[in-house]
Amino acid sequence: MILKQKAPSQLRPFWSMAYFSLRAMLRNRATFAFGFLFPVAFIAVFGLIGGGGLTISIGIPDSEQQGPIYEALKQIKAVKLEPGTESSLRQKVSQGSIAAVLLQEEETSVPTLFISAASPQTAAAAQSLVSGIVDKLNLAQSGIIDPPLKLKVEEISGRAFRYIDFALPGIIGFALLGTAINGTAFGLIFLKKTLVLKRIFATPTKGLTILLGQGGARMIVALAQAAVILAIGVLAFDFQIVHGWLTLTEVFALTALGLVAFLGFGLIIAGIATDENTVAPLTSLIVLPQFLIGGTFFPIDSLPTWIQPLANVLPLSFFNTAVRKVTIEGVSPDQILPQLVGLAVWGIIAYLVAARTFRWE
Amino acid sequence: MEIAISTKNLTKYYGKNRGVIDLTFQVYKGEVFGFLGPNGAGKTTTTRLLLDFMHPSSGSAEIFSLDSHQKSTQIKEFIGYLPGELHLYDSMTGNDFLAFMASFRKGVDWTFVFNLASRLKADLKIQIRKLSHGNKQKIGLITAFMHKPKILILDEPTMGLDPLMQQEFYKLVNEVCDQGTTFFVSSHNLPEVERICDRVGIIREGRLVVVEDIANLRKRALRPLEVHFAKPIESKDFEKIAGVKDISIQNSILRCTVVGSLDSFIKQLAKYEVVNLISAEPNLEEIFLAFYKQEEKV
């Protein structure tokens, strides 16, 4: 009998594995929640809190809401005038929930500003605002129409950065790391445990093909997540992508690279974990610190200085920083080389460890 | 005769524990080879080595002259496999699962698949978790047969099947075998092995004890006989006949077992007036069991 000596094509089993793995992921509620639902909720929250900018709340009792100081304050956009009784406003000041209370029983009486020690920055701003108004009124009452020293103010056009511009790349990172690590570890453990893997190994399918198929499915999900997050960010919250389609392409390319690197960590966990129960703590060990200090939701600069050097070299930090650089700063790819190298090094380390620890049985 | 499966000093150790030691045997194309042995003897290990689920510690196995390890992907194109511990995706229907398995290889003939399903009375529309053990086994069998493999490696193929389905399965094996397919059936079920196998290999403690034709084994089988004579007889008239054992006489009734041919025994009987002769199928079970238990004597 003459048998083909050529190894059978792995294309068919690759597509099968990718297709069934994708189907399994899309039917899995956890994938949907962590990959799509949470990120969308995060965008909504961060997009809304990012909108306001700085507001200074100044309390003026209901009975005293009149007169030139009141009218002048009303014109200032950043000032929010808080109504209420005098005693309730005083209490709010002492708690720091409003910056100051302005008391002036009659137009002729001396205005008194009580500023909050609990909120010193906004209190200082409130004080300089009110004293500016009072100075102006004094000048007008003294008959000086043309003061000798005048301030010239010019606006330089620029983008107002909002929290969403910082947060959105982190949200892409959050969804990506979850899909790469949780998805892979649970997916492979499930395959191993149900022993269906044995049936697949009885077909002309190589082990590598199974891994590539699983990886391919995750690639599709990761890119879809990035697309959904970006679409909502851009359409609903005016998330800035400096160079339009070019920037989007860069983000997708980074997502793909990040996924490949992070899949290695998923493989490590799938290798050392014996069942679902050991997968969960192991993934948390890798995933949670990166969510917390990897510049995902809070800037690394805002962390304690001793932890920053560590935080800066986490795999997810490299990804987050790279994405922010292309979306916010619009830098060219060569300027994110350190981040790309960092990700690549992590990826290589992960696959080397995985190659030693991963077992099919 | 063309050799389908051939092993040469195939050995597998799990650390220091024995898997199988020094297995050398051939399975010819178109035969049904039974692989027998008590639990833990090394049946599953052998199967897994043939399928390259693990690598031999030493020695080698070839399937149609292809090395089972180096050429495993090619080999699996023409192998059908039914594992002993069958695990399917419980949430799928039979149809889904077969489509899933078929998608990993080419050459699945769906007309043949549906034909198989109707012969085995397998319900492919029901979720697998709702199926009984026997009905799951049917889906496992269809998966093994679906791409018309040249070699079928089956582990306890009729486990859980009802007697009617067992018969249907035996018929199927005969038909497929007639088309030149080779079977490697590992089993505990001795009557089944007797029924479908051409040859058997018996493995004990990881070593191959014997590889023998079923027909030859039958020659060595013990045939229990009971003869009713018209008059009382004496045991010495039968004691000298070759192959006659365990003689006991009660008045005119003789009970004994005969190994191999009955010819000399019948010729001796012919000298007396025989009222009745009761015989049973020679039972291979005792032979198998004798092989299983040989260790004490060795």
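1. In this predicted model, the hairpin of β9(B) and β10(B) has 2 residues between its strands, and B:Glu205 takes a positive phi near 55 degrees there. The two strands run antiparallel and are joined by 6 bridges. Within this pairing, B:Ile202 stands opposite B:Val210 of β10(B).

2. Two further residues of chain B deserve attention for their backbone angles. Most residues other than glycine have a negative phi. B:Ser65, which is not a glycine, has a positive phi near 65 degrees. Its place is the loop between β4 (58-63) and β5 of chain B. B:Ser65 is exposed, because 12 other C-beta atoms lie within 10 Å and a residue with 12 or fewer is classed in this way.

3. B:Lys121 is likewise a residue other than glycine with a positive phi, here about 55 degrees. This residue is found in the loop that lies between α4 (110-119) and α5 (133-145) of chain B. B:Lys121 counts as exposed, with 12 C-beta neighbours inside 10 Å.

4. The hairpin of point 1 belongs to a wider sheet. β9 and β10 are members of an open sheet of 6 strands in chain B, with the order β6-β7-β8-β3-β9-β10 and mixed pairing. The edges are held by β6 (79-82) and β10 (207-213) of chain B; each has a single partner strand, so one side of each is left without a neighbour in the sheet. On average, and with direction ignored, neighbouring strands of this sheet are turned by 15 degrees against each other.

5. Within the same sheet, strand β3 (residues 32-36) and strand β8 (residues 182-187) of chain B pair in the parallel sense over 5 bridges. B:Phe33 has B:Phe184 as its bridge partner in β8(B). Helix α1 (residues 43-50) of chain B packs on the sheet, where it touches β3, β7 (151-155), β8 and β9 (199-204) of chain B. The direction of this helix makes about 150 degrees with that of β7(B).

6. What is the strand order in the open sheet of 4 strands in chain B? The order is β2-β1-β4-β5, and the pairing is antiparallel. The edge strands are β2 (17-28) and β5 (66-67) of chain B, each of which pairs on one side only. Strand β1 (residues 3-14) of chain B is joined to β2(B) by 8 bridges, and these strands run antiparallel. B:Ile5 stands opposite B:Val27 in β2(B). The loop that carries B:Ser65 connects to this sheet, as it lies between β4 and β5 of chain B.

7. Some totals place these sheets in their chain. The secondary structure of chain B comes to 11 helices and 14 strands. Of the 298 residues in chain B, 37% are buried. Among contacts in chain B with a separation of 6 or more, 69% are accounted for by residues 24 or more positions apart. Taken along the principal axes, the C-alpha atoms of chain B fill a box of roughly 75 × 45 × 35 Å.

8. The domain assignment of chain B gives domain 1 (3-217) and domain 2 (222-282). The C-alpha centres of these domains of chain B lie 42 Å apart. For chain A, the assignment gives domain 1 (11-50 + 162-357) and domain 2 (56-141). In chain A the corresponding C-alpha centres lie 49 Å apart.

9. In chain A, helix α1 (residues 11-27) and helix α8 (residues 207-237) pack at an angle of about 45 degrees, and their axes are 7 Å apart. α1(A) and α8(A) are therefore oblique to each other. Their crossing is right-handed. Residues of α1(A) in the contact include A:Phe14, A:Met17, A:Leu22 and A:Met25. On the side of α8(A), the participants include A:Ile210, A:Leu212, A:Ile220 and A:Val221, with A:Gly213 and A:Gly216 also among them.

10. The last point concerns the contact between the chains. It takes 21 residues from chain A and 23 residues from chain B. On the side of chain A that touches chain B, the elements giving two or more residues are α1 and α7 (196-201) of chain A. The largest share of that side comes from α7(A), with 5 residues. Helix α1(A) thus appears both in this list and in the packing with α8(A) described in point 9.

Key:
Residues are numbered from 1 along each chain as its sequence is written. Chains are lettered from A and ligands numbered from 1 in the order in which they are written. This is a predicted model: local features need pLDDT of at least 70, side-chain atom pairs count only at pLDDT 80 or more; totals for chains, interfaces and linings use all residues. Domain bounds come from an automatic or database domain assignment. Two strands pair if DSSP finds at least two bridges between them. Axes are lines fitted to C-alpha atoms, for helices over the stretch in contact, and angles run from 0 to 180 degrees between N-to-C directions. Two residues are in contact if their C-beta atoms, placed from the backbone, lie within 7 Å. A residue is buried if 20 or more other C-beta atoms lie within 10 Å of its own, exposed if 12 or fewer, and partly exposed in between; C-beta atoms are placed from the backbone. Angles under 35 degrees count as roughly parallel, over 145 as roughly antiparallel, 65 to 115 as roughly perpendicular and the rest as oblique. A crossing is left-handed if the near helix is turned anticlockwise from the far one by less than a right angle, and right-handed if clockwise.
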